[in-house]
Amino acid sequence: MRRSIRRSLSSVIMVVALSVTACGSVTSTTSSTAGAPGGTFPAVVHAVNGTVRLPKRPVAILSLSPTATEMLYAVGAGRQVKAVDKNSDYPPQAHRTAMSGYAPNVEAIAGLRPDLVVTDSGTGGLTGKLAALHIPVLVLPPAARLADVYQQLDELGMATGHLSQARQEDEEIRTQIASIVASVPKHPEPVTYYYELEQDYYSVTSSTFVGQLLQLLGLKSIADAAPGAASAGGYPQLSAEYILKSNPGYIFLADTICCGQNATTVAARPGWASLTAVRDGHVVGLNDDVASRWGPRIVDLLRAVARALGGHG
């Protein structure tokens, strides 16, 4: 259905750690103005997978990451996207294929003759294998902080010749986030919440990307104090007993589409009807895909949470 932190927590934790230690940047080489407005070619992007050199403006991009697909369209490079992986379901006009971002098939990729491949990890040595075929690869791993979102948009803007539009997108996201945050009623103490990734009680701490976003709204995760939260990279598996004892003020469900969870199913769990969040009607269903990606639609995630908190979003 989607490339999500629920599918392989250990892999995501490892990739997030990589993104923290290797911050990318963008530069351009001296050349003619062959790129689209906002970019010139040849171009050089310093990404987490090293220096990515683009001799000319790519016109046959393959995206193996749902978040990258959303970002490409957001920066104005949609017409340059030739194909996307099977989990890239947004925007709807993206040409989806049967390709997998989990286990990319190098032969199938080469058969499309892309002049740029964008992915969120170097699974199976993909970068090196495509380098041998002279196909540039740009790796955009899961964001560890909000600044990473802007950085990745800029990297894609440089790589596709749309740096100016990418920076406009950055500013638009910043403006929307500021408006959403300002709309939420302030509390003297952080409001506690339980964020459910799936029915097995995996959750997020305030140190994760999602946790940092919710912290902007004055929220604090009950998972912060959970045993093993740090060693789990901020994605601990809680127990029903721990959640009941913590008695969160809000419950956010990021498993509504995949697992059919909602306020009714949560209230039906043994003992959960007594939780403050359930009694006060503060069980909030989220769109799974929006909640698991770190592209431009993070404002949609924040808006949904803000409305539940009494903000206008």
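**Notebook: strands, sheets and cores**

I began at the hairpin strands and found that V44 has R53 as its bridge partner in β3. I note here that the model I am reading is a predicted one. Looking at the elements around that pair, I see that β2, residues 43–47, and β3, residues 50–54, pair in the antiparallel sense over five bridges, and that a hairpin of two residues joins β2 to β3.

I next looked up the sheet that contains β4. I find four strands in an open sheet with parallel pairing, and reading across them gives the order β5-β4-β6-β7. The edges are β5 (81–84) and β7 (137–139), and because each has a single partner strand, one side of each is left without a neighbour in the sheet. I noted the average twist from one strand to the next as 20°.

For the pairing at the β7 edge, I recorded that β6, residues 116–119, pairs with β7 in the parallel sense over three bridges, and that V117 has V137 in β7 as its bridge partner.

I then asked which helices lie across these strands. Helix α2, residues 66–74, lies across β4 (61–63), β5 and β6, and runs at about 140° to β4. Helix α5, residues 146–160, lies across β4, β6 and β7, and its direction makes an angle of about 170° with β7.

My next entry concerns another open sheet of four strands, again with parallel pairing, in which the order is β9-β8-β10-β11. Here β9 (219–221) and β11 (283–285) stand at the edges with a single partner strand each, so that one side of each has no neighbour in the sheet. Ignoring direction, I have neighbouring strands turned by 30° against each other on average.

Within this sheet I followed β8, residues 191–196, which runs parallel to β9 and is joined to β9 by three bridges; V191 stands opposite L219 of β9.

L219 led me to the packing, and I asked what L219 touches beyond residues up to four places away in sequence. I list V191, Y193, L214, F252, V305 and L309. L219 is also among the residues with the most contacts inside the largest nonpolar core, together with L138, Y195, L217, F252 and V305, and that core has 61 residues. Apart from this core I located another, of 16 residues, which includes I222, L238, I243 and V278. As background I add that nonpolar side chains in soluble globular proteins tend to be buried together.

Terms used
Residues numbered from 1 in each chain as written. Predicted model: local features only at pLDDT ≥ 70, side-chain atom pairs only at ≥ 80, totals over all residues. Heavy atoms only, no water. Core = buried A, V, L, I, M, F, W, Y, C linked by side-chain atoms within 4.5 Å. Buried < 20%, exposed > 50% of the residue type's maximum accessible area, 1.4 Å probe, protein only. Contact = heavy atoms within 4.5 Å. Pairing = 2+ DSSP bridges. Axes fitted to C-alpha atoms, helices over the stretch in contact; angles between N-to-C directions.
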